[in-house]
Amino acid sequence: LAAALLKRGAELWNMYGPTETTIWSCCAQITDASAAPIPVGRPIGNTRCHVLDEHGQLVPRGVRGELWIGGEGVACGYHARPALTAERFITDPFPCGATAGGHPPRMYRTGDRARWRSDGQLEILGRSDFQLKLRGFRIEPGEIEAVLLAHPAVAAAVVVLREFAGDPRLVAFMVASGAEVPPAQLLAQLRKRLPEYMLPSELVWLAELP
């Protein structure tokens, strides 16, 4: 994609950041698409990026870790979800001063694996959890599985991303607690609890989960 875009425009910029840090946190001008992965560059103004190990300690350049983002762009948390807010937003142990409004500096745990390159640019290397991304939407498969498991006919469920002729789709694999029910009945339950982009394209009964 980068190679194709370089031929079509005067400049190409790669921008990275989650919604929880106000969309953009890093950017890099891309002039060479031959080296992969394409970096996301350096933090924008009033933003700090830290690559930490499992103990919350900074790792050296070149070492993989989890990316945490601090600075003015970090949100206050999730609406009406205090447990998830406490898990993902923490007081920044590497602050550079108080944030606007006098709030303690915070960091957001992105769940993205990353490393600093020798040239000081950041590379994103995938996820450290089960979060999926489909057509621009971030999806926690556990939320879909929980709705399926709420149905008395479902004993176990796993939701994964599968490609069909290059088209990625959500697929739910299930084990019945007794008699299997039509997938349409389960889909109707999902529609009551989940937005359209989180609905599996396929619901498949299995004798047991592999």
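Modeller: pLDDT is the predictor's confidence in each residue, on a scale from 0 to 100. This is a predicted model.

Colleague: Which element of the protein chain has the lowest mean pLDDT, and which the highest?

Modeller: Strand S9, residues 132-134, has the lowest, at 84. Strand S3, residues 42-43, has the highest, at 97. The protein chain as a whole averages 90, and 96% of the residues score at least 70.

Colleague: Why is S3 called a strand?

Modeller: A strand is a DSSP run of E with at least two residues. S3 covers residues 42-43, so it meets that length. In total, the protein chain has four helices and 13 strands.

Colleague: What makes a residue count as lining the largest pocket?

Modeller: A lining residue has an atom within 4 Å of a pocket point. The largest pocket holds about 800 Å³ of space. Its lining has 28 residues, and the closest to the centre are Thr 19, Glu 20, Gln 131, Arg 138 and Ile 139. Elements giving two or more residues to this lining include helix H2 (82-88), strand S7 (106-116) and S9.

Colleague: How many residues of each class are in that lining?

Modeller: There are 12 nonpolar, seven polar and nine charged residues. Arg and Glu count as charged, so Arg 138 and Glu 20 belong to that class. Ile counts as nonpolar, so Ile 139 is in that class.

Colleague: What share of the protein chain is buried?

Modeller: Buried means under 20% relative accessible area. Of the 210 residues, 36% are buried. The protein chain exposes about 12,200 Å², with 55% supplied by carbon and sulfur atoms.

Technical notes: Residues numbered from 1 in each chain as written. Predicted model: local features only at pLDDT ≥ 70, side-chain atom pairs only at ≥ 80, totals over all residues. Heavy atoms only, no water. 1 Å grid on protein atoms, 1.4 Å probe; cavity = no way out; pocket = protein on both sides within 12 Å on 5 of 7 lines; lining within 4 Å. Points joined across faces, edges and corners; volume = space filled by probe spheres on them. Buried < 20%, exposed > 50% of the residue type's maximum accessible area, 1.4 Å probe, protein only. Areas by Shrake-Rupley, 256 points an atom, 1.4 Å probe, with all protein chains shown as cover.
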